[in-house]
Amino acid sequence: MQKLLFLLLIFSGASFAQAERVSIGVLAYDGSEQAVRRWQPTADYLSDQISGYEFEVVPLTHAAFEHSINKGSIDFLLTNPGHYVRLEVDFGVTRIATFKTAFKDQVLTRFSSVIFSRKDSGINKLEDLKGKTLAAVSESAFGGFQLAQDTLLRNGIDARKDMNVTWLGFPHSDVVKAVLSGAADAGTVRSGVLEKMAARGELKLSNLTVLRQRATGDFPLAHSVDLYPEWPFAKLPGTDDALAKKVAIALFQMPQTALAAKKA
């Protein structure tokens, strides 16, 4: 009996050892914990769908992405479109799918950025921001600064020269909290952040003013700039093409009712 148990353990260990680990680097714009909670179900789904591989999520910052790519420690990545374009140019990454998101019962394929102030701040339009403090995630954040920066420039405001920009890093919610507390006059975050915080009871949307509020078709989230395609799922140049094809097929076949789809 002991011999049989020993053999079973050996075969079990051999079977487990055959699974090749595949790492998916994810931009953790709302913190590492949130990134894992949101995207690990997708990794688990891929592990179930593609035999012989075990997928894992690796939360990363913008800087950590470049280190991980240089070290060859990630095989796929999920990030915003602005960051993706830079990685495509610098490292030759290739997108294989674009994720959809959801707000309540509505499926979204695009996102934006929102510039906002506290309702009682006296800041009601972009022109009021000159000389004020703007809270943002980082200079590299596409939805957390770059989109707002472009919109401000188009309206005659250079954020770096005409404003005092405070970089707070991830998560985006810290930017919102800075505005609510009065530590910053205004802030900019990815669309959807305000609504999610309101749903969690962390703020009342009525206490904020959205600057340059846009009305774009059936897009339900507050936004101040144009809409952009949602996050791409991309492969690194050294990632096996056959595996990438299997991943793409599995992602396209993911049911909308699947746990991974709901979490992502």
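## Notebook: pockets, cores and backbone of a predicted model

I began with the largest pocket, and noted that helix α2 (residues 32-49) gives the most to its lining, with 4 residues. Before going further I wrote down that the model is a predicted one. The pocket encloses about 1,100 Å³ of space, and 39 residues line it, of which Lys-100, Thr-101, Ala-102, Ala-261 and Ala-264 lie nearest its centre. When I sorted this lining by class, I got 16 nonpolar, 7 polar and 16 charged residues.

**Entry on the cavity.** I then looked for enclosed space, and found that the structure holds 1 cavity of 30 Å³ or more; the volume of the largest cavity is about 70 Å³. I listed its lining as Leu-27, Tyr-29, His-62, Asn-80, Phe-111, Ala-141, Gly-143, Gly-144, Phe-170, His-172, Arg-190 and Trp-231. By class, this lining is made up of 6 nonpolar, 5 polar and 1 charged residues.

**Entry on Arg-190.** Having met Arg-190 in the cavity lining, I looked up where it sits, which is in strand β11 (residues 186-190). Is Arg-190 buried or exposed? I recorded a relative accessibility of 8%, and because the cut-off for buried is under 20%, Arg-190 counts as buried. Leaving out residues up to four places away in sequence, I found that Arg-190 touches Tyr-29, Thr-101, Phe-111, Ser-112, Ser-113, Val-114, Gly-143, His-172, Glu-230 and Trp-231.

**Entry on the cores.** I turned next to the largest nonpolar core, which has 45 residues, and in which Leu-46, Phe-55, Phe-76, Phe-233 and Val-247 touch the most other members. Helix α9 (residues 241-252) gives the most to this core, with 6 residues. I also noted a second, separate core of 17 residues, with Val-114, Ala-178, Ala-184 and Leu-208 among them. Going back to Phe-233, and setting aside neighbours within four places in sequence, I listed its contacts as Ile-24, Leu-46, Phe-76, Leu-77, Leu-78, Thr-94, Arg-95, Ile-96, Ala-97, Phe-99, Val-247 and Leu-251.

**Entry on Ser-23.** I placed Ser-23 in strand β1 (residues 20-27). Its relative accessible area is 8%, so Ser-23 is buried. Which residues does Ser-23 contact, leaving aside its neighbours within four places in sequence? I found Glu-56, Val-58, Ser-73, Ile-74, Asp-75 and Phe-76. I looked more carefully at the pair with Glu-56: the two residues are 33 residues apart along the chain, while their C-alpha atoms are separated by 5.1 Å, and a polar contact of 2.8 Å joins the side chains of Ser-23 and Glu-56.

**Entry on the backbone.** I finished with backbone geometry, keeping in mind that most residues other than glycine have a negative phi, and most peptide bonds are trans. The peptide bond from Phe-170 to Pro-171 is cis, and I noted an omega near 5°. I located Pro-171 in the loop between β10 (164-167) and α7 (173-181), and Phe-170, on the other side of that bond, is one of the residues that line the largest cavity. At Arg-212 I noted a phi near 55°, a positive value in a residue other than glycine. Arg-212 lies in the loop between β12 (208-211) and β13 (228-229). With a relative accessible area of 30%, Arg-212 is partly exposed.

Note on methods
Residues numbered from 1 in each chain as written. Predicted model: local features only at pLDDT ≥ 70, side-chain atom pairs only at ≥ 80, totals over all residues. Heavy atoms only, no water. Core = buried A, V, L, I, M, F, W, Y, C linked by side-chain atoms within 4.5 Å. Buried < 20%, exposed > 50% of the residue type's maximum accessible area, 1.4 Å probe, protein only. Helix = DSSP H or I, 4+ residues; strand = E, 2+ residues; numbered from the N terminus. Contact = heavy atoms within 4.5 Å. 1 Å grid on protein atoms, 1.4 Å probe; cavity = no way out; pocket = protein on both sides within 12 Å on 5 of 7 lines; lining within 4 Å. Points joined across faces, edges and corners; volume = space filled by probe spheres on them. Nonpolar A, V, L, I, M, F, W, Y, C, P; charged D, E, K, R; others polar. Polar contact = N/O pair within 3.5 Å; in protein donor to acceptor, adjacent residues only side chain to side chain.
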